[in-house]
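Visitor: I've just opened this structure and would like some help reading it. Could you walk me through a few features?

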Amino acid sequence: MAESLSFSFLIIFSLLSVSSIVEVCNAQHNYMDALRKSILFFEGQRSGKLPPDQRLRWRRDSALHDGHSVGRDLTGGYYDAGDNVKFGFPMAFSVTLLSWSVIDFGRLMRGELSNALKAVRWGTDYLLKATAEMPNRMYVQVGDPYSDHNCWERPEDMDTLRTAYAIDRNHAGSDVAGETAAALAAASIVFRSRDRAYSRLLLSRAIKVFEFADNYRGAYSSSLKRAVCPFYCDVNGYQDELLWGAAWLHKATRRREYREYIVKNEVILRAGDTINEFGWDNKHAGINILISKEVLMGKANDLRNFKINADGFICSVIPGVANPQVQYSPGGLIFKAGGSNMQHVTSLSFLLLAYSNYLSHSNHQVPCGGISASSALLKQLAKRQVDYILGDNPLRMSYMVGYGPRYPQRIHHRGSSLPSVRVHPAHIGCKAGSRYFLSPNPNPNKLVGAVVGGPNVTDAFPDSRPYFQESEPTTYINAPLVGLLAYFSAHP
């Protein structure tokens, strides 16, 4: 225990010794307010006919004919980021992480739980539509990305191509299908005690989608390359999504067949690959953390390799240990190259927090090269990242729109940056919106709760729309943050 305490001191010292952090680490944050806003963001990303209780009033109905070209109703769902395309792969991942947030931390959300449930259901209602033709076909995207990205227009004005892209038995997509199965299975747990009929529907559909993913193996970026690459191209391969889907189905059903699938395919589907990665494309760290809960509770010794991988992930992100695999900015922010860095910050921090709870309940610690990382340390590391997002950083600004006295004003987001329909009822065409994109003025519509891609590795941030990697918000940045904020609102 003394060794663990000294290690904790070493890590906290290594984080706080940077002068820029010392200057700003005294802020007291209103995590419940940030939680409320992080969930509200999803209402700004809604596609389709908006409900009467829509709270972001500058948004209006959009994309009401999605699916018409293929004779299906594909309205609803979420726009992934600052554009107007519905990309199924990141949308499903966002729903999975929203559901995991509710499963592990929903009891701490208090009055915001109902809004979190609405956010999950808005996503799953669409995923049910997209998978209605299972086991023959599944729609994985609506909107031609090249046509969309060539325009800067409000979703309410869209006149770009709304092509519906599908996978089927001859055009595989185990990655997006596996993630969709995970989302539906996770959401079935969320609604199990709240809407049994809906929960059963989600679970039965998840089973069908997973069978399809497993029976017709292949990456959707091979089948639909022009439509999904380079936007959400599956670089990592589809194998991790099969394990991820099976893990969530095992958690949702407790059926032995899914456990046996995981054990049988652990090596074949490369469970031990890139253990320090987690996001819409790479599920490895998430798989290991999720499955390790049973190992820590003493219920699954045959899955112990997943705990070994999970422990390896923990050691790879802790600053101060030998050969860390995750980089930190001078201000203490987790940083991974490639753009939209906050997606890594929130996803990896969520895993740190989730694993810390599992460790705490089982009275375990993580051995890292002869020293031990405690549950308390992992919570401190996760909280440090959340606090950075909310303003404890060298620039002393929040990276969540609408939170704190200073936050991004010119986010890369079409609906936020263009005049609302209420203010400007006339149609704004494809190229007519360019002057708003290039304007130095703040966005007229506040997308409350949106967390942008964030600063670069030197903690510098250009509050400018053209710098989309730093200024664009996404649903998969916010989804894991919901769980983090719920926990810290109850344990500040």
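**A guided look**

Guide: Let's start with Trp100, which is buried, at a relative accessible area of 0%. Buried means under 20% relative accessible area, exposed means over 50%, and partly exposed is in between, using a 1.4 Å probe and protein chains only. Before going on, note that this is a predicted model: local features need pLDDT of at least 70, side-chain atom pairs count only at pLDDT 80 or more, and totals for chains, interfaces and linings use all residues. Residues are numbered from 1 along each chain as its sequence is written, and side-chain values use heavy atoms, with hydrogens and water left out.

Visitor: Where is Trp100 found, and which residues does Trp100 touch?

Guide: Trp100 is in helix H4, residues 88–105. Helices (H or I, at least four residues) and strands (E, at least two) are DSSP runs, numbered from the N terminus. A contact means heavy atoms within 4.5 Å. Not counting residues up to four places away in sequence, Trp100 touches a set including Trp244, Trp248, Phe278, Phe350 and Tyr358. Trp248 is 148 residues away along the chain, yet the C-alpha atoms of Trp100 and Trp248 are separated by 9.9 Å.

Visitor: With which side chain does the side chain of Trp100 make a polar contact?

Guide: A polar contact is a pair of N or O atoms within 3.5 Å; within protein, one must be able to donate a hydrogen and the other to accept it, and residues adjacent in sequence count only if both atoms are side-chain atoms. For Trp100, the partner is the side chain of Tyr358, at 3.4 Å.

Visitor: Now to a loop. Is Gln45 buried or exposed?

Guide: Buried, with a relative accessible area of 0%. You'll find Gln45 in the loop between helix H3 (31–44) and strand E1 (86–87). Its side chain makes a polar contact with the side chain of His413, at 2.8 Å. Leaving out residues up to four places away in sequence, Gln45 also touches others, among them Arg59, Tyr78, Asp80, Leu447 and Thr475.

Visitor: How should I read the strands?

Guide: Strands of a sheet pair through backbone hydrogen bonds, either parallel or antiparallel. Two strands pair if DSSP finds at least two bridges between them. Here there is an open sheet of three strands in the order E1-E2-E3, with antiparallel pairing. E1 and E3 are the edge strands, each pairing on one side only.

Visitor: How many bridges join E1 and E2, and how many join E2 and E3?

Guide: E1 and E2 pair over two bridges, while E2 and strand E3 (residues 164–168) pair over five. On the E1 side, Phe87 has Gln141 of E2 as its bridge partner. Toward E3, Met138 stands opposite Ile167, and Arg137 stands opposite Asp168. As for burial, five of the six residues of E2 (residues 137–142) are buried, so E2 is largely enclosed by the rest of the structure.

Visitor: What can you tell me about Asp168 in strand E3?

Guide: Asp168 counts as buried at 17% relative accessibility. The C-alpha atoms of Asp168 and Arg137 are 4.5 Å apart, with their places 31 residues apart along the chain. The side chain of Asp168 makes a polar contact with the side chain of His171 at 2.8 Å, and that of Asp168 also reaches the backbone nitrogen of Asn170 at 2.9 Å.

Visitor: What is the angle between helices H16 and H20?

Guide: Axes are lines fitted to C-alpha atoms, for helices over the stretch in contact, and angles run from 0 to 180 degrees between N-to-C directions. H16 (residues 375–390) and H20 (residues 475–490) pack at about 105°, with their axes 11 Å apart. Angles under 35 degrees count as roughly parallel, over 145 as roughly antiparallel, 65 to 115 as roughly perpendicular and the rest as oblique. H16 and H20 are therefore roughly perpendicular to each other. Residues in this contact include Ala382 and Val386 of H16 and Leu484 and Phe488 of H20.

Visitor: Which peptide bonds are cis?

Guide: Two to look at are the bond joining Met134 and Pro135, with omega about 10°, and the one from Cys229 to Pro230, with omega near 10°. Pro135 lies in the loop between helix H5 (113–130) and E2.
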